[in-house]
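Visitor: Could you take me through this structure, please? I would like to begin with how its parts pack.

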Amino acid sequence: MMTDQIAPSQTLNDDQLDLVFKALSDRTRRKLLAELARGDASVSELAAPLHMSLPAASKHIRVLENASLVKRTKSGRVQYCALQAEALADADAWLNHYRAYWNDQLDTLQHFLESDPS
């Protein structure tokens with residue numbers, strides 16, 4: 001049972017979680033994050049393999065920035081992006097709450113199946 005655990009909404013900022021999950025809901029943005037997990041990259045380096053224009057890539061990056069998943073810096077005319085994985089920690093904590101719930105449910109089912117004489 002999960003009575004000793006704090007509900008995720010009690011510890012996490014719901015508005016920030018909304019931004020993170022909104023950012024992660026798009027496959028293009030997930031691809032951008034996967035690329036940035038390898039290391040910092042310019043906007044043009046991020047856009048090229050996705051065959052997307054720089055303005056389109058910038059729009060996706062802006063969503064990631066708003067969710068605090070990416071930090072953009074400028075060097076001359078080139079904009080570089082870096083992954084900020086800390087924002088994923090809140091989402092992971094939220095998911096862990098439900099992971100524990102499902103583990104408890106599966107443990108209960110296992111116990112029932114093992115103790116049922118039929």
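Guide: A term is needed before the packing is described: contact means heavy atoms within 4.5 Å. Please also note that this is a predicted model.

Visitor: Understood. Which elements do the buried residues of helix 3 pack against?

Guide: They pack against helix 2 (14-24), strand 1, helix 4 (43-47), helix 5, strand 2 and strand 3.

Visitor: And which residues of helix 3 are buried?

Guide: Thr28, Arg29, Leu32, Leu33 and Leu36 are the buried residues of helix 3. They lie on the same side of helix 3, because they cover an arc of only 140° around the axis.

Visitor: What is exposed on the other side of helix 3?

Guide: Arg27, Ala37 and Arg38 are exposed there.

Visitor: How many residues does helix 3 have, and what is its reach?

Guide: Helix 3 has 12 residues and reaches 17 Å from first C-alpha to last, which is close to the 16 Å expected at 1.5 Å a residue.

Visitor: What about its two ends?

Guide: At the start of helix 3, the backbone nitrogen of Thr28 has a side-chain oxygen of Asp26 within 2.8 Å. Just after helix 3, Gly39 adopts a positive phi of about 150°.

Visitor: Let us turn to the sheet. In what order do the strands come?

Guide: The order is 1-3-2, in an open sheet of 3 strands with antiparallel pairing. Strand 1 (41-42) and strand 2 (70-75) are the edge strands, each pairing on one side only.

Visitor: Over how many bridges do strand 2 and strand 3 pair?

Guide: Strand 2 and strand 3 (residues 78-83) are paired over 6 bridges, in the antiparallel sense. Within this arrangement, Lys71 stands opposite Ala82 in strand 3.

Visitor: Where does helix 3 sit relative to that sheet?

Guide: Helix 3 (residues 27-38) packs on the sheet and touches strand 1, strand 2 and strand 3. The direction of helix 3 makes about 85° with that of strand 3.

Visitor: And helix 5, which strands does it lie across?

Guide: Helix 5 (residues 54-66) lies across strand 2 and strand 3, and runs at about 125° to strand 2.

Visitor: One residue in particular: is His60 buried or exposed?

Guide: His60, whose place is in helix 5, counts as buried because its relative accessibility is 16%, and the cut-off for buried is under 20%.

Visitor: Which residues does His60 touch?

Guide: Leaving aside residues up to four places away in sequence, His60 touches Asp26, Thr28, Arg29, Leu32 and Met52. Among them, Thr28, Arg29 and Leu32 are buried residues of helix 3, and Asp26 has the side-chain oxygen that reaches the backbone nitrogen of Thr28.

Terms used:
Residues numbered from 1 in each chain as written. Predicted model: local features only at pLDDT ≥ 70, side-chain atom pairs only at ≥ 80, totals over all residues. Heavy atoms only, no water. Pairing = 2+ DSSP bridges. Helix = DSSP H or I, 4+ residues; strand = E, 2+ residues; numbered from the N terminus. Axes fitted to C-alpha atoms, helices over the stretch in contact; angles between N-to-C directions. Expected span 1.5 Å × (residues − 1). Buried < 20%, exposed > 50% of the residue type's maximum accessible area, 1.4 Å probe, protein only. Arc of directions from axis to C-beta. Polar contact = N/O pair within 3.5 Å; in protein donor to acceptor, adjacent residues only side chain to side chain.
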